Amino acid sequence: MTGPDALMLNMETPSTPMHTLKVAVLDTSRRGRVVTLAELREVLPGYLGRFPRATQRLEYLSGYGARPFWVRDKDFDIDAHLDEMVLEAPGGRNELDAVLADLAVRKLDRTQPLWALTLVHGLADGRQAVVIRVHHAVADGLAALNTFMAATSLPGQQVTPAPIGSLNSGHDARGLFRAARSESWKLLRGVPTVVGDFARAAHVKRNATGRGRIPKPLTVRRNSFNARSGAQRVCASGDIPLASVQRVALATDTTVNGALHGIIAGAKRAELLARGEEPGISVTVFGVCKDLASTRTEGNEIATAAAYLRTDLADPVERVVETAASCEATVRRRRDLGFDLTAKVATYTGRLGPVFRAVAAHRAPLVMNNITTANMPGPRETRWVGDIEVVDWISFALAIAPADVNLTAYSYAGRISMGLIATPESMPEPAAFIDRVRESLAEVETALGIGDREPVATQDVG
């Protein structure tokens, strides 16, 4: 297992689930019948061969527990990964979000491949949902999106079958030990290189353009988004028009990513004011992908970047412009720093990073960030599975202290789909925060006078 993947595995604690939720809402009206669990049980094995992690489990070695191996699961049983449930009436967004909150804390069995699928019946208008729980050790946001794209198609096209194949071949335990020992020596010899990498990174940071717009580590004050939290999770979902965010980006001469974060800053400002708090300046942490063009369907190849959300600014346009400028500066510096050092540090820290995070999460007076965000470019058209249309695609990431509020955005078929996961202590009314994002967008559009205009050009999200 790579260092970044192992870090995601080791971050899991009794109160910190480390699996994400990927939700596909299905319209089966064209086929005239709903999807059944028996149908999934029969069909899925014919396609899982495309995704090796789907049939691989963890293998721990004595003395090397921080980084287990991925090995084929000889006892793979598709039934162990499938279940179903029915939403309460009327089967709307709130009822679905309540089910997602329950699934968000239902941890995956580490003796089996780290994913599970729940078929949800009873959505309004006869629709269904497929909810996949996948551990972050298996896939980051880009890998999950690529998996979705590979498992679906454009209308009228078909997904090429990829059967699992034989699972009978075992693994060589002695070979794994040899590989682990060899890797340990490699890490030891590589220490001077890592020290040099840190020195080069420090030089890049000192000379970065716009470094005054980039938050320094552990300098942001806590607010109620950093409340001491427990094991429970709450979820909320919704969407805003992609074209509206594009118009804001064009009108403020920034990117869609910068405009979206400026809009989120407005929602966070409104939330803090509603809680009776002085907004001040907030900080978000989001992931920057190593290669957005990659087609990988597994692994973690992202590095975090911190940006200011200018929640201190009352003027909505100024708030977007300044927030976007911070996002742009931190993404540029992240790419200048590269991604190799992040991977190396994750490999060396093993279990130490999660231990330090757990100790400081609820105690440190200053924190890394107040909220976590993610923003990924998705398909411009709805995707299909045969004659079944995927009318909505929603992603929920991780709520990890000290910033237990995480808002993930994917563009999908002309909309920006949002999945908010949090702890109830940090976000008592998650659906209300999604509404605040919509209100913040409307406020910015009104201030810019662009509410009814078409975008002049198209900009990708991210």
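This is a short dialogue about reading pockets, cores and single residues in a predicted model.

Biologist: Let's begin with empty space. How do I read it, and what volume does the second largest pocket have?

Modeller: Rolling a probe the size of a water molecule over the atoms shows where empty space is left. In this predicted model, the second largest pocket has a volume of about 1100 Å³. It is lined by 39 residues, and those closest to its centre are L44, F51, L117, I132 and A151.

Biologist: Which helices and strands each supply at least two residues of that lining?

Modeller: On the strand side, look at β1 (19-27), β5 (115-121), β6 (128-135) and β14 (388-396). The helices α2 (37-43) and α4 (141-151) also supply at least two residues each. By class, the lining of this pocket holds 28 nonpolar, five polar and six charged residues.

Biologist: And how many cavities of 30 Å³ or more are there?

Modeller: The count is one, with a volume of about 50 Å³ for the largest cavity. Its lining is made of P17, H19, A104, R233, A397, L398, A399 and I421. Six of these lining residues are nonpolar, one is polar and one is charged.

Biologist: Now the packed parts. Which residues touch the most other members of the largest nonpolar core?

Modeller: That core has 33 residues, and I240, V245, L407, I416, F433 and V437 touch the most other members. Elements giving at least two residues each include the strands β8 (234-241), β15 (405-412) and β16 (415-422). The helices α7 (242-251), α8 (256-274) and α12 (430-448) do so too, and α8 gives the most, with eight residues. Apart from this core lies another, of 28 residues, among them L26, M376, V390 and Y410.

Biologist: What does L407 contact, leaving aside its neighbours within four places in sequence?

Modeller: L407 is in contact with I264, T372, T373 and A374, with M418, G419 and L420, and with F433, I434 and V437, once those neighbours are set aside.

Biologist: Is T408 buried or exposed?

Modeller: T408, which lies in strand β15, counts as buried because its relative accessibility is 3%, and buried means under 20%. Its side chain makes a polar contact of 3.3 Å with that of N406. Not counting residues up to four places away in sequence, T408 touches A374, S395, A397, S417, M418 and G419. You have met A397 already, in the lining of the largest cavity.

Biologist: What about E59: buried or exposed?

Modeller: E59, found in strand β2 (residues 56-59), has a relative accessibility of 19%, so E59 counts as buried. The side chains of E59 and R57 are joined by a polar contact of 2.8 Å. Beyond its neighbours within four places in sequence, E59 is in contact with P68, F69, V71, H171 and L176. For a sense of distance, E59 and L21 are 38 residues apart in sequence and 24 Å apart in space, C-alpha to C-alpha.

Biologist: One last helix, please. Which residues of α10 are buried, and what do they pack against?

Modeller: Helix α10 spans residues 340-349, and L341, A346 and T347 are buried there. The buried residues of α10 pack against three helices you can find on the model: α1 (3-10), α5 (173-189) and α6 (191-206). Just after α10 comes G350, with a positive phi of about 55°.

How values were computed:
Residues numbered from 1 in each chain as written. Predicted model: local features only at pLDDT ≥ 70, side-chain atom pairs only at ≥ 80, totals over all residues. Heavy atoms only, no water. 1 Å grid on protein atoms, 1.4 Å probe; cavity = no way out; pocket = protein on both sides within 12 Å on 5 of 7 lines; lining within 4 Å. Points joined across faces, edges and corners; volume = space filled by probe spheres on them. Helix = DSSP H or I, 4+ residues; strand = E, 2+ residues; numbered from the N terminus. Nonpolar A, V, L, I, M, F, W, Y, C, P; charged D, E, K, R; others polar. Core = buried A, V, L, I, M, F, W, Y, C linked by side-chain atoms within 4.5 Å. Buried < 20%, exposed > 50% of the residue type's maximum accessible area, 1.4 Å probe, protein only. Contact = heavy atoms within 4.5 Å. Polar contact = N/O pair within 3.5 Å; in protein donor to acceptor, adjacent residues only side chain to side chain.
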